[in-house]
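Visitor: Before I accept any label on this model, I would like to hear the criterion behind it. Could you take me through them?

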Amino acid sequence: MTALRVFVPTPLPEELCRLIEQREPRLELIRDHSLLPPQLSEGDHTGDPAFRRTADQQARFEQLLDGAEALYGVPDQDPAQLHRTVAANPRLRWVHTTPAGGGAQIKDAALSADDLERIVFTTSGGVHGGPLAEFAVLGVLAGFQGVSRLLAEQRRREWGARRPLPQVDGSRIVVIGLGGIGRTVARKLHALGAHVTGIHRRAVDAPGVAEIRPVAELGAALSTADAVVLALPGTALTERMLSREAIAQAKPGITVVNVGRGSTVDEPALIEALISGQVVFAALDVFAVEPLPQDNPLWDLPNVLVSPHNAGTDVGEEHRIAELFAANATRLIDGEPLVNRVDTVEFY
């Protein structure tokens, strides 16, 4: 059997390239680290933005792309490069995206219906569930414990007044989106004693979730919730799901955490609610525009924790993505369905 020819067009340490080869020896993993930008940190899938290929290097890079049957990552994490590659390479049949939300890269590549049918696209969904869930728990605890107030008093060297604080144990928390990340969030919050309500479009097996309600009942669920965690992909159906109307229906003093996509929140409405006190605290790893513009009010609000879309990055991330890719390569070679396949209608 001819080996599956895979090219790696995004930074990946050599030891992980070898790991993939060991896990699935029936593939031919082509890589040339000289053609890729050096990583600035562990888990950096983009590399040094100052890196530039020479004309000869770019020609070699595109030659390798155009001869591959599968890609480990979108070339240069650039949808335009993916569009070029798909048009130039009729042999390409599988592209694995390194982000969990890689469906957005596929959508932005503006591929034809025939191309979307010809090529299987997969994501690294589930790999980031653990660290994102820990950030979600951090956000909930920070809101409940009044961390923003404590830090402000500390900076003023002020011994603040004693105040009663809510506990996660016995609280009511809504988790919007019960994919891999949302289910992990729910399980960890349930372990702390929270009553977790899930908002999801269909029934799923979600340990730790007391009830699952449809999107139409989001406002009603928020009216009795002490916190809400968003773990949604960015699609047309999820855009501004946490809307102005939903925020207005929320229990006053609610804590908001977003570990999904910034497009799922009505950001201006959230800012107004943070200023008015309707939302007491927000821990945000994602934003409507990234990087967060310098003039965005979220930077200056004392009751907001801004994380630069980094909460899902941990020391084991790259290793888990490599393992996922190797397992899916085995599935492809054996003719089995691939996991984390991108829905090319909603692109998640």
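Guide: What follows sets computed values against their definitions.

Guide: This is a predicted model, in which local features need pLDDT of at least 70 and side-chain atom pairs count only at pLDDT 80 or more, while totals for chains, interfaces and linings use all residues. Residues are numbered from 1 along each chain as its sequence is written, and side-chain values use heavy atoms, with hydrogens and water left out.

Visitor: Why is the contact between D334 and R26 called a salt bridge?

Guide: The term requires a side-chain nitrogen of Lys or Arg within 4 Å of a carboxyl oxygen of Asp or Glu. In the pair D334 and R26 the closest N and O atoms are 2.8 Å apart, so the contact satisfies that definition. The two partners are 308 residues apart, with D334 in the segment after α12 (317-333) and R26 in the loop between α1 (14-23) and β2 (27-30); these elements are DSSP runs numbered from the N terminus, helices being H or I of at least four residues and strands E of at least two. The structure holds 22 salt bridges.

Visitor: What makes D334 and R26 partly exposed?

Guide: Buried means under 20% relative accessible area and exposed means over 50%, with partly exposed in between, using a 1.4 Å probe and protein chains only. D334 has 41% relative accessibility, so it counts as partly exposed, and R26, with a relative accessible area of 33%, is therefore partly exposed as well.

Visitor: How do you know which of E153 and R163 is buried?

Guide: E153 has a relative accessible area of 6% and is therefore buried, whereas R163 is partly exposed because its relative accessibility is 37%. Their side chains meet in a salt bridge at 3.2 Å, N to O. E153 lies in helix α7 and R163 in the loop between α7 and β6 (172-176), so the pair ties together parts that are 10 residues apart in sequence.

Visitor: Why is the second largest cavity called a cavity, and what lines it?

Guide: On a 1 Å grid over the protein atoms alone, a cavity is a set of points where a 1.4 Å probe fits but cannot get out, whereas a pocket is an open set with protein on both sides within 12 Å along at least five of seven lines; lining residues have an atom within 4 Å of a point. The second largest cavity has a volume of about 40 Å³, a volume being the space filled by probe spheres set on the points, which are joined across faces, edges and corners. Its lining consists of L222, V228, L242, I247, A250, I254, V256 and V279.

Visitor: What is the volume of the largest cavity, and which residues line it?

Guide: The largest cavity has a volume of about 50 Å³, and its lining includes N258, E267 and F287.

Visitor: What is notable about the backbone at R240 and F347?

Guide: R240 has a positive phi of about 50° although it is not a glycine, and F347 likewise is not a glycine but has a positive phi of about 60°. R240 is partly exposed because its relative accessibility is 43%, while F347, at 14%, counts as buried.

Visitor: Which peptide bond is cis?

Guide: The bond from E290 to P291 is cis, with omega near -5°, and P291 lies in the loop between β11 (279-284) and β12 (304-306).
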